[in-house]
Structure formats: structure tokens, C-alpha cells
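Hello,

Here is the structure I promised to pass on to you. Have a look at it first, and then read on for what turned up in it.

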Amino acid sequence: MLKNIFSNTWMNVFFASEYRKRAVSFVFRNNFHDGQVLSAPRSFFGVEDFVDDDNSRPYTYKKEKKSKNPQKHVSFKQRTIAYMEPFSLDVFISKRFVSASLTHRVTCKQVAVAGTNSKDVKAALSSRSDIPACLAVGRILAERAREADVYTCTYTPRDTDKFEGKIRAVVQSLIDNGIDVKVYLD
């Protein structure tokens with residue numbers, strides 16, 4: 001194949017007289033490889049080596065999900081819920097600690113954060129992951145939310161979480177300390 005490519009090319013040899021060096025350049029007359037790849041190379045796994053379909057970014061990034069029905073109707077509630085109820089509660093409970101935060105949905109900024117790993121709370125608690133620790137996190141989060149002028153929020157449990165026990169203790173502590181929490185259970 002290389003022999004065919006060079007047989008269709010014209011070799012131009014020119015001399016640089018001032019430097020007395022010989023420079024060789026090849027000029028391809030058959031428009032071979034005009035900077036475009038004629039057939040996109042594919043890797044072993046069937047993924048293009050460098051770019052995706054629209055040639056805008058490397059293939060390692062996630063492609064955005066395209067809707068099966070782009071003309072799908074989005075309800076008024078879906079469009080306005082983030083503005084009508086702008087603050088959401090996030091509660092995380094592990095075996096070692098408890099943390100909770102209030103996040104503004106539109107700007108994605110955390111307004112108030114409380115957890116049992118912070119120095120001031122750590123010293124006052126005997127255990128960082130029991131029910132009294134959850135009540136303390138709810139109380140501290142409510143104080144910090146009121147300082148930031150947040151008095152209402154929504155809470156939707158994760159798919160794996162049940163609204164009972166420690167999670168319920170954090171939410172109940174927020175309600176008892178003056179924050180109105182609207183719980184959405186699916």
C-alpha cells in the first residue's frame with residue numbers, strides 16, 4: 001500500500017543554497033489525508049479512540065442522556081417546584097457519624113451544614129451516631145438555618161433510605177426547633 005501511495009506522489013527535491021544542505025519534501029498530489037480521517041479508527045472495545053459522535057469532547061466523558069421523546073410535555077409543577085420550594089434537606093448517616101445540610105436548589109449552594117464530625121459537636125457527644133447525636137445535629141442545623149433566614153425546606157429520602165429511626169429523628173428535631181419541613185414520601 002505504501003508503494004501505491006508513493007507511486008501516485010510527486011517528489012520535489014530542492015536545495016537550500018545558502019546553507020548547502022539538502023532538504024527533501026514530498027508533495028502529495030492525490031489529496032491523501034487532507035487532514036481528515038477517511039474512516040474513523042476504532043479501538044478494541046468498539047469505542048472511538050479520541051472523540052465521540054459530535055467531535056466536541058473526549059469519549060471518556062459521559063454523554064448527556066437524550067430524551068426518547070423531545071416533545072414531551074413538562075408540567076408547570078416540574079418547571080416551578082425548584083423556585084416555589086427552593087431549599088432541600090440532605091441527611092447522611094453512616095456507622096461513625098451523622099451529617100445534614102440545607103441546599104438551595106437553584107444555585108446549588110449549601111446554606112447551613114451540621115455534622116457530628118465538627119469539633120464543637122464532637123466534644124459534647126458521647127457517641128457520634130446514635131439518636132441523641134441525630135437530635136443534636138437537627139438542633140444545630142435549625143439554628144444555622146434560622147441565621148441564614150431559612151424557615152422552610154423539603155426532604156425526599158433516597159431510594160435506599162427509610163423514613164424511620166435516625167433520619168426521622170433529624171427531621172423531627174428540625175421541626176421541633178422551628179424549621180417547617182415538608183417530607184415527600186414516594
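Let me start with one residue, Arg128: its relative accessible area is 33%, so this residue counts as partly exposed. Please keep in mind that the model is a predicted one. Along the chain, Arg128 sits in the loop that links α3 (119–124) to α4 (131–147). On the surface, Arg128 joins Arg96, Lys119 and Lys122 in a patch of positive charge.

Now for the wider view. The protein chain has five helices and seven strands. Read from the N terminus, these elements follow the order α-β-β-α-β-β-β-α-α-β-α-β. Of the 186 residues in the protein chain, 24% are buried.

Two cysteines belong to that buried share. Cys134 is buried because its relative accessibility is 0%, under the 20% cut-off. Cys153 has a relative accessible area of 4%, so Cys153 is buried as well. In case the term is new to you, a disulfide is a covalent bond between the sulfur atoms of two cysteines. How many disulfides does a search of the whole structure find? The search comes back with zero.

One last residue to look up is Ser99, which lies in strand β4 (residues 98–104). Ser99 has a relative accessible area of 23%, so this residue is partly exposed. Ser99 and Gly138 are separated by 39 residues in sequence, and their C-alpha atoms are 9.2 Å apart in space.

Enjoy exploring, and best wishes!

Key
Residues are numbered from 1 along each chain as its sequence is written. This is a predicted model: local features need pLDDT of at least 70, side-chain atom pairs count only at pLDDT 80 or more; totals for chains, interfaces and linings use all residues. Side-chain values use heavy atoms; hydrogens and water are left out. Patches are made of residues with over 30% relative accessible area and no salt bridge: like charges are joined within 9 Å, nonpolar side chains (Val, Leu, Ile, Met, Phe, Trp, Tyr) within 5 Å. Accessible areas come from the Shrake-Rupley method with a 1.4 Å probe; for residues, only the protein chains shown count as cover. A salt bridge is a side-chain nitrogen of Lys or Arg within 4 Å of a carboxyl oxygen of Asp or Glu. Lys and Arg count as positive and Asp and Glu as negative; His and the chain ends are not counted. The place of a charge is taken as NZ of Lys, CZ of Arg, CG of Asp or CD of Glu. Helices (H or I, at least four residues) and strands (E, at least two) are DSSP runs, numbered from the N terminus. Buried means under 20% relative accessible area, exposed over 50%, partly exposed in between (1.4 Å probe, protein chains only). A disulfide is a pair of cysteine sulfur atoms within 2.5 Å.
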